[in-house]
Amino acid sequence: QNLVTKIPANVSSEEAAFTTLGAIALQGVRQAEPKLGEKVCVIGLGLLGQITCQLLKANGCAVFGIDLNAGLVKLANDTAAADKALNRGDSNLVSVCNDFTNGQGFDSIIITAAAPSNDPIELSAEIVRKKGKVVVVGAVKMDIPRDPHFYRKELDLRMSCSYGPGRYDSEYEEKGIDYPQAYVRWTENRNMQAFAELLRLKK
């Protein structure tokens, strides 16, 4: 019972089919704790990344997307999921990021890429601001380099666990024992509800 939510009246079954993935993307956004007007970078513009960009835009953030795939970069630009998206291989990437953030660096980075390399982690550390957040949603290599950025910038590295609180808890997922909303505002199920509501609002 904690793994289902009602489909709003004006949401199609096709749209609602994205709810589970939407909840995963939403939990990553929640871990970043975005504030209105913040500049956030999403690394990895596959399905989770595209949804993450849209959720951040709905939060009032300025969103920059990065991917190795030219088609996914084009998709993010064409649909305005991101305010700007660029290919990882672009030689001007770091300077464009610098211009986008007015030389301050991103407030947070959300990694939705799936990659065997350490590049997303290293790039994040380079382009995030001092005391910024790096949130790992995707399956990427995590050899955290202490210098020059993680230590000197005092960066906040966070993991995002799938759909949110309740995941991998058999009491919650199998027995249907919910967490009190006063203490755990956003659970796996409540994230699904929130995403379905955003679909209803066409956001």
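Salt bridges number 14 in a search of the whole structure, which is a predicted model. Side chains of opposite charge can pair when their charged atoms come close. Three of these pairs are set out below.

| Basic residue | Acidic residue | Closest N to O atoms |
|---|---|---|
| Arg158 | Glu33 | 3.0 Å |
| Lys131 | Glu154 | 2.1 Å |
| Arg190 | Asp178 | 3.2 Å |

The salt bridge of Arg158 with Glu33 joins strand S6 (residues 156–159), which holds Arg158, to the loop between helix H2 (19–32) and strand S1 (39–43), which holds Glu33; the pair therefore ties together parts that are 125 residues apart in sequence. Glu33 has a relative accessible area of 38% and is partly exposed. Both residues also belong to a network of salt bridges that links Glu33, Asp156 and Arg158.

Lys131 and Glu154 meet through their side chains. This pair, too, links distant parts of the chain: Lys131 is in strand S5 (residues 128–136), while Glu154 is in the loop between helix H7 (146–150) and S6, 23 residues apart. Lys131 and Glu154 are both exposed.

The salt bridge between Arg190 and Asp178 connects helix H9 (residues 188–200), where Arg190 lies, with the loop between helix H8 (170–173) and H9, where Asp178 lies; the two residues are twelve residues apart. Arg190 counts as buried because its relative accessibility is 8%, below the 20% limit. Asp178, at 38% relative accessibility, counts as partly exposed.

Conventions: Residues are numbered from 1 along each chain as its sequence is written. This is a predicted model: local features need pLDDT of at least 70, side-chain atom pairs count only at pLDDT 80 or more; totals for chains, interfaces and linings use all residues. Side-chain values use heavy atoms; hydrogens and water are left out. A salt bridge is a side-chain nitrogen of Lys or Arg within 4 Å of a carboxyl oxygen of Asp or Glu. Helices (H or I, at least four residues) and strands (E, at least two) are DSSP runs, numbered from the N terminus. Buried means under 20% relative accessible area, exposed over 50%, partly exposed in between (1.4 Å probe, protein chains only).
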